[in-house]
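User: I would like the reasoning behind some structural labels. Please set each value against its cut-off.

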Amino acid sequence: MEILIRKNYDEMSKTAANLIVDQIKRNPKSVLGLATGSTPIGTYEELIRLHKSGNLDFSQIKSFNLDEYLGISIDLDKPYNEDQSYARFMWEELFKHINIKEKNYHVPNGLTDNPHQFCRNYEKQIKDAGGIDLQVLGIGGDGHVAFNEPGTSFSSRTHITALTQQTLDDNYELFYKKSGIPRDEMPHFAITMGIGTILDSRHTLLLASGERKAEVIAKAIEGPLTAQITSSSLQLHPKVTVVLDEEAASSLKRADHYKHVEIMKKKFSL
Ligand code: GLP
């Protein structure tokens, strides 16, 4: 694992955006895996800024989002606060600002009639696109990546999941509360890429910011492999970059070592 520690959220976002830009410049037809949540918003803002300044072209990029609540989907006629779908989030925070083609971005359909068939088909679509080159990830308070809740198999593929109480509480506070939707009307199920799907990506980029993520980040990176912290599965991935701010890195035992490794890599162009 490559672990990059930055002084604050803005620096974390810039580093993450630069890694995505490098991927796009290396291969303008890259397939990106995208994440929702508050963490990647600054990264997306930086990508939008670069696109608007004429330096970043998404016209041949394909993308697949990690997850979506079951029972809701995008409704562009509704104001943002009334529509808490991840499809809506992606449209507002990224897609509407860049030149990615509509046929090329994919967010799981939360209103599908046949969720299990949908999941199988999502896997096929990713495979047919050539697999994911760079997968962006955030981390949930219970250690999940995407919506792979504690207990999810490391070999799972795209599937339907029941959200834990902690995830419901976290996401209600962060997103639903301001919309005025009562707590018990929030969706309790979601479609999510599996851990196996994520581990198949060629490069994964895990982002975390703030003190509230410090303990779970330490478990994911330095703790034992366990399906109880599904992000620990990333230790099995051959190419992971973790970008943290100082607060999110504050419970890591080997933070000084990771900083040293980054300096040495730069010094010897490794
Ligand atoms: C949700 C998403 C995850 C995301 C997590 C963290 O549960 N399904 O993909 O990583 O939220 O969100 P935040 O970045 O707001 O802390």
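User: What makes the N171 approach to the ligand a polar contact?

Analyst: This is a predicted model. An N or O atom in the side chain of N171 is 3.3 Å from an oxygen atom of the ligand. A polar contact needs a pair of N or O atoms within 3.5 Å, so this pair counts.

User: How do you know that S38 makes a polar contact with the ligand?

Analyst: A polar side-chain atom of S38 lies 2.6 Å from a ligand oxygen atom. The limit is 3.5 Å, so the pair qualifies. S38 is also among the residues that come nearest to the ligand, with T39, D67, R212 and K213. In total, 15 residues surround the ligand.

User: What part of I139 faces an oxygen atom of the ligand, and at what distance?

Analyst: A polar backbone atom of I139, at 3.4 Å. The cut-off is 3.5 Å, so this is a polar contact too.

User: Why are β4 and β8 called paired?

Analyst: They share three bridges, in the antiparallel sense. Pairing requires at least two, so the condition is met. In one of the bridges, D67 has T192 of β8 as its partner.

User: What makes β4 and β7 edge strands?

Analyst: The sheet is open, with the order β4-β8-β7. β4 (67–69) and β7 (159–162) each pair on one side only. Neighbouring strands in this sheet are turned by 25 degrees against each other on average, direction ignored.

User: Why does E102 count as the charged residue in the lining of the largest pocket?

Analyst: E102 is one of the lining residues. Glu counts as charged, so E102 falls in that class. The lining divides into eight nonpolar, three polar and one charged.

Notes: Residues are numbered from 1 along each chain as its sequence is written. This is a predicted model: local features need pLDDT of at least 70, side-chain atom pairs count only at pLDDT 80 or more; totals for chains, interfaces and linings use all residues. Side-chain values use heavy atoms; hydrogens and water are left out. Helices (H or I, at least four residues) and strands (E, at least two) are DSSP runs, numbered from the N terminus. Axes are lines fitted to C-alpha atoms, for helices over the stretch in contact, and angles run from 0 to 180 degrees between N-to-C directions. On a 1 Å grid over the protein atoms alone, a cavity is a set of points where a 1.4 Å probe fits but cannot get out, and a pocket is an open set with protein on both sides within 12 Å along at least five of seven lines; lining residues have an atom within 4 Å of a point. A residue is near a molecule or strand if one of its heavy atoms lies within 4 Å of it. A polar contact is a pair of N or O atoms within 3.5 Å; within protein, one must be able to donate a hydrogen and the other to accept it, and residues adjacent in sequence count only if both atoms are side-chain atoms.
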